[in-house]
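Hi everyone, thanks for coming along. I'd like to walk you through one chain today and then finish at its border with a neighbour. Let me put it on the screen.

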Amino acid sequence: MILTALILLTGCWDERQFKNISLVLSMGFDTGEEQAIRQTVSIPTVTRSSEGPGQEFINVLSTEAHTPREARDKIDMMISDNFDPSKVRVVVFGEELAKEGIFPVLDDMYRDPKSNLNAYMAVVEKGTAEEITRLRATGETRISEYLGGMLETAASSTHTTGENLQLLCAELIEPGIDFSVPLIELDKQNGAINFSGMGLFHEKTYTGEKISAEKSTLYMLLQGKKGKIARLTEKVSGENDEITSYATVEVNKMKRKMKLTVDDGVTADIHVNLELKVVEYPSDHLYVKGKIKMLEEQLTDVFTKESEKILTTLQEANSDVFGIGRRVKAYHPDYWNEVEWSEEYPEIAIVPHFDIKIIEHGIMN
Amino acid sequence: MLMGFFKRLFFGDHTRLQDRDLAHDHNHGRKQLSSKKLSENVDYLLSNFHKSNDLKIRVLNEGNAALLYFESLSDQEKVFEKIFAPVENGQIDEISKLRSARITQNLEEVITNLLGGQAAYIEDGSNKVHLFDVTSCYNRTPEEPQNERVIRGAHDGFIENIMININLIRKRIENRNLTVKYIKLGTYTNTNVAIIYMDGIADPSLVQEVERRVSSIETDMVHSPGLIEEYIEDQTNTPFPQMLHTERPDRVVGNLMEGRVAIMAEGTPTTLIAPSTFFMFYQASDDYNMRWFTGTFIRLVRLFSFVIAVGLPAFYIAIVGFHFEVIPDELIIPVKASINEIAYPPIIEALVMVVIIELIREAGVRLPAPIGQTIGIVGGLVIGDAVVRAGLVSNLMVIVVALTAIASFVVPSNELSTALRLLTFPLIVLAGTMGFVGIVFGMLIIIIHLTKLQSFGVPYLAPVAPLNFGDLKDTFVRLPMFMMKTRPKDSHAIKPDALNPVRKWKLSDQQGSKPNQQPDGAEASSKKQSDR
Amino acid sequence: MLSAGFVLYFISVGTLIIILYSRMISLWVLPHTPLWITASLMILVCFYMISGGLLVMGRLYTMLSVLILILFGVILYSAKEMNIVYLFPILESGWGRVFGAVNQAFFSFFGYIVSLVIYSKVIGTHKEKLKVILYAHSFVFLFYFIIVFVSFTYFSTEEITLVPEPILYMLKAFELPIIARLDLFFISIWVVNVATTFGTYLYMAGLGLSHLCPICTKTTAGIIVGIIVLALTLYVGYDIQKTEQLNQLVLRMGYAFSLGIPLIMLPLSYVRKNRYKEGE
């Protein structure tokens, strides 16, 4: 009897037929002209063919609404199937909207049990998310795949943190921790998208400051994050800008520690221990005694200087990416209660210390 | 019985030994004494056989004697050889003096024996009936059973003759403790049923229980082991078989040595084994002929096939109908492409495809081999391909259903394989109603059901529920034989040890000049360590 | 009288379990499926489970406990993203809050009353039984500890207050190469654990009821309890306030029946025992 009841009841309540669903794989949010938000989504449609993959069409739709959820409902009315964002891979924000704050926009994503919190987030530098979402890059069919793949490689080559929406949420809400989000840029000439650095956030808004793509690897190392590969190219000697004055090293092993001292003000010492492998050093002669030592010293010097620049940028942007504030709160709660952290942070001293060891230099001396 | 013999010997209890014959046991005192008149005797027999035409009566000695036999049951050659040849050769004067004859005065007994293929010689003026064994047998050779083939190992199988079957077992266990008990079943068919067990290993209460259940069967006929199984199994309202069916002597022997009981019936090669557990259906003789690594691997594959066979279509339906979020990013577009333009909801697709597979299978089974193959090709390839091209069923669904069918055929036991395919349906429906939650409830019900089942007082899911770590050695894995020191607990064997250290040679190799000085127990443990 | 109280207690605990489970299912997996379906399906399955008696339940639970290991593994997998800083500062808001939370969490340990009831039907020495209870509770403690630890280090201090089901929320973002959305699998396995828990309470309530009314067999008692639980569940529904009231009620009853009565009974049983001896 129960069985017959179940048969009669199949598909009564929660069934969402996969075939009746329009998968939204990437979403873009901008500030709207009349209403608060302009949402752009790209929906791929595939037609079946009995052999091999079918043809793929991409439908890009934009709409303006007061909230993302309203926009979603509006878009739903424009398409034949059901709008479903549960497989979103990339969420892109326009620069302007990011400066206004991203949390209100993401609230819907965080609240929906079916949403994909494993999605990446990116901010468009000098442009709108709509342009990016509408881009038809050559060779890449879907913008979600293009962007997602790009951000993934950026994470594995230690350019971005590779944080998804879920991990960002913790830093978004928590006082005393800020975060940075990959910046992308439309390259109109090539019809491509560029990774242009890490955009710094203060609390819930984009500050407009960034760490450029070249420096972002060092920036990641300072954060204590290392992807599969971390490669750094630095100018180590000579005034004239020759190819021989550069060295490229790969990080084999990394250890990073942060020490806080709180008396009158806060001092944060960041110790980074690096074991490096030289992959490119055109001036050669590494076999000469003391040459490696020299290179180590030069690198330490360069890294420290570069890091200081990065840290200054961070403090100017008032973006506490290292979570120094949260540590102060955790270990020195009295001090935390005394000060207003966002005013305190730009004033504190953050000192980078590098300890560098070259352990390998390829198959050639 | 042996005791009885000595008793008779020593204490002079000189009651005469009787031939042990099933006919005696069975006639239950029904007796019709023969008369001295030949015609009366013959008339009685003839009327009892309703003047059946194949009862041959040869009148001898100018009408003073008669030889009766069923020509359909007796071998003409044997009749000549056993009865006429000695007389003709002059070894003996009369047929009645042949020593090979069994003599009786009970006509009812004569009837049973005639039905058993014997010939009866009756003389006028004597109430003695001489019975000669002239039974003819038409047996096929004990070939390997088609449904339980192995790659390595014994290639013989049971046939339809119970005597030859028991012979196959006795040849493998030359031991006095192998005990066979006959019970005649079926008031009309008089089918010979044998209960076989190892005395001293099998639990006597289990043997008694099997005997009690078998002998309590009162029916007109017993023509297949399926009937006996249904008469004596614990729980009939279940898709799961509670007795193992096998046609392989080596499998029966293995189970007998574990302390189980085998039930055989005349006229069928299938042997029932009780008690059986769920995991026994996943063991095959092959496992024990392979290296233990491969054996374990194959067995794990087989057990995994259980999950696939029961759950894969349901899982697929739950995914495409409810939780497509679980499809990883790379796969989502291909999956979507393949099901995008299918007209029917996936649950209908699945049900249709599963039914089609059953149709193909059923059509193939009954047909002769060459046509069966054609059906397989037409059904599998042509229909499968056409159905996908026509857009009725997605190619993913075809993959899923085909995988399920293959997985269900992996089970070495045919009964269980059918049960598994049957269980797919309710799970599909549950998955179509409530997605993953429905599947979980369905699986839970199946597991509860399995836990509740018992086979002759043994929990069906032993040794997993109740959990017995020691017996897992031959359940999910097949550990090397030297580690299988004890018999599984679920057979309730009264002699738990199965083997003494079998790799003793290794120990003496290592000790060199010091041959076995250790007591047995210590030896076993040290051997275990050295083997690790 | 006392057993009537116990039956009531078990029924209310069972109802609470069913309500919490249905709410979870409706929130996370099946938002449109009506309450009576999820609730009655669970009750039916559990009824089938207990109809086999204590022995079958024991065997089943042993087998199903393997699933806890899977849950364990999944949780430990997600521990890779933890951030110890989020735990600090410890004791920020004082011991008062800690004890308040302990009060809430105590519910999970009231389960030991189950062993008091069930062990009257189990063969074994007192020492063995005590050992089993001890092991069980240390396991429960360990399990909870790990869950709490992982979820508090994964989510930031502010975020954890916003997330009512941290483990599920955490698993939502994990993606394995073969499957994404681990939370759906986690919740499916968790349903089995709910079934075993509810089955136990259903069994005990049925047991108590069959003692109380002489005409009830265990089966009919089980059916009656099941219907009562279903009715109560449908009455409370997804109403958050009523659920909270029920929660408080169960908590108080829990203190009374799991702590109060056994503590009162202990000296009483000593007195009785002595009197019994004197009488001899």
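Let's start with a pairing in chain B: strand 1 (residues 55-60) and strand 2 (residues 65-70) run antiparallel to each other over 6 bridges. By pairing I mean that DSSP finds at least two bridges between the strands, and helices (H or I, at least four residues) and strands (E, at least two) are DSSP runs numbered from the N terminus. Leu55(B) has Phe70(B) in strand 2 as its bridge partner. The two strands make a hairpin with 4 residues between them, and in that turn Asn61(B) has a positive phi of about 50 degrees.

A quick word on what you're looking at: this is a predicted model, where local features need pLDDT of at least 70, side-chain atom pairs count only at pLDDT 80 or more, and totals for chains, interfaces and linings use all residues. Residues are numbered from 1 along each chain as its sequence is written, while chains are lettered from A and ligands numbered from 1 in the order in which they are written.

Next, the open sheet of chain B, with 5 strands in the order 6-7-9-10-8 and antiparallel pairing. Its edges are strand 6 (178-185) and strand 8 (244-246), each pairing on one side only. Strand 6 pairs with strand 7 (residues 191-198) over 8 bridges, and there Thr179(B) sits opposite Tyr197(B) of strand 7.

Now my favourite, helix 16 of chain B. How far does helix 16 span between its end C-alpha atoms? The answer is only 22 Å, whereas a straight helix of 39 residues would span 57 Å at 1.5 Å a residue (1.5 Å times one less than the number of residues). Helix 16 has a kink of about 140 degrees centred on Met434(B), the bend being the angle between axes fitted to the seven residues ending there and the seven starting there. Of its 39 residues, 28 are buried (20 or more other C-beta atoms within 10 Å of a residue's own, C-beta atoms being placed from the backbone), so helix 16 is largely enclosed by the rest of the structure.

Finally, the border: 22 residues of chain B are in contact (C-beta atoms, placed from the backbone, within 7 Å) with 25 residues of chain C. Helix 16 (residues 414-452) gives the largest share of chain B's side, 12 residues. Thanks, and over to you!

Conventions
Two residues are in contact if their C-beta atoms, placed from the backbone, lie within 7 Å. A residue is buried if 20 or more other C-beta atoms lie within 10 Å of its own, exposed if 12 or fewer, and partly exposed in between; C-beta atoms are placed from the backbone.
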